[in-house]
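Let's take a walk through this one together. Have a look at the picture first, and then we'll go through the backbone spots worth a second glance.

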Amino acid sequence: MTMIRRLVLDVLKPLEPSSIELAKKLSVVKGVEAVDITVREVDRKVETVRVTLEGEWLDIDKIEAALERYGAVVHSIDRVTAGNRAIDTG
Amino acid sequence: MFGKAREAVASRIHTFRFYDKITKMSRIARRYFVLNAFDGALTIFGVVLGSWFAGVSHPEVVIAVGMSTSIAIGISGLWGAFLTETAERKKEMKELERLLMVRLDKTEIMAAARWAIYVTALIDALAPVVAALVILAPFYAAEPGLIDMHEAYLAALSLSFAVFFMLGVFLGKISRENIVVGGAKMLLAGISAALIVWMVSGGAF
């Protein structure tokens with residue numbers, strides 16, 4: 001089985017729930033060990049954030065479903081790390 | 001057995017707190033509560049004062065008129081808040097859907113919005129009834145003869161002023177102003193109502 005260890009997603013989300021709430025919700029998704037959300041652009045009602053997730057076994061479907069539950073949409077998958085070890089892209 | 005029930009309640013509370021954070025419901029509900037409690041209290045105060053000036057000597061009459069009036073205000077609050085909140089939240093959801101380019105029907109955001117509508121409407125409905133029950137309490141005591149009608153009137157009027165003052169204190173606390181000043185502002189409304197009723201009734205007392 002292929003293991004996805006790290007994902008970087010470009011996400012458009014409503015201002016509420018806040019990034020804090022969303023990070024909390026994502027951190028309890030099965031397989032997720034660490035979550036980082038960086039705000040990139042804030043609008044009046046929505047914001048674009050970069051969501052970085054790390055874990056031993058990330059399930060993109062589960063992650064996407066969790067995001068959708070809170071009204072967030074994945075615009076693009078910007079970076080994926082899979083396999084047994086991390087690559088040093090320098 | 002109780003452990004499971006407690007867990008279920010705790011998880012519900014957790015969800016509601018989350019919904020409240022998303023919708024900012026408590027801020028809006030607080031406003032509705034004060035507005036409609038004040039509406040109810042002032043109306044019932046008018047009913048009590050009017051009954052007193054008219055010389056109503058049966059507590060059941062004051063209770064019947066007071067309670068039916070407050071229930072009518074409550075229902076008006078329920079409908080008003082429900083329809084207003086539904087319209088506002090629907091508009092908000094539609095705008096979000098347009099910006100996100102997705103349907104939000106099955107999201108927690110929609111569930112939170114629905115929850116906020118129901119709770120706000122309920123608070124708006126109950127506020128005047130609670131205020132009325134407090135003010136009319138002496139008449140419930142007068143009905144079985146625990147106190148006489150004169151005492152009931154005095155107690156009900158004092159309770160009205162206490163309710164006005166408490167609502168003012170509550171507002172003062174929210175705005176972090178002097179709570180006594182906040183209370184006094186609300187009290188002033190009661191006093192002016194009393195004066196106007198007194199003048200309208202021909203200055204009978």
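Start in the loop of chain B that sits between α1 (2-23) and α2 (25-54): that's where you'll find Lys24(B). Keep in mind that this is a predicted model. What is the phi of Lys24(B) near? Its phi is near 55°, a positive value, and Lys24(B) isn't a glycine. That's worth a pause because most residues other than glycine have a negative phi. As for its surroundings, Lys24(B) counts as exposed, because it has just 11 C-beta neighbours inside 10 Å and the cut-off for exposed is 12 or fewer.

Now move along chain B to the loop between α3 (59-100) and α4, where Met101(B) lies. Here again is a residue other than glycine with a positive phi, this time near 60°. Buried or exposed, then, is Met101(B)? Met101(B) counts as exposed, since 8 C-beta neighbours lie inside 10 Å.

Hop over to chain A for another kind of backbone feature. The peptide bond joining Glu16(A) and Pro17(A) is cis, with omega at about 0°. Most peptide bonds are trans. You can spot Pro17(A) in the loop between β1 (4-14) and α1 (19-27) of chain A.

And how sure is the predictor? Chain B averages a pLDDT of 92, with 98% of the residues scoring at least 70. Among the elements of chain B, helix α4 (residues 108-142) has the highest mean pLDDT, 96, while helix α6 (residues 179-200) has the lowest, 87. For the complex, the predictor gives an ipTM of 0.84 and a pTM of 0.84.

Technical notes: Residues are numbered from 1 along each chain as its sequence is written. Chains are lettered from A and ligands numbered from 1 in the order in which they are written. This is a predicted model: local features need pLDDT of at least 70, side-chain atom pairs count only at pLDDT 80 or more; totals for chains, interfaces and linings use all residues. pLDDT is the predictor's confidence in each residue, from 0 to 100. Helices (H or I, at least four residues) and strands (E, at least two) are DSSP runs, numbered from the N terminus. A residue is buried if 20 or more other C-beta atoms lie within 10 Å of its own, exposed if 12 or fewer, and partly exposed in between; C-beta atoms are placed from the backbone.
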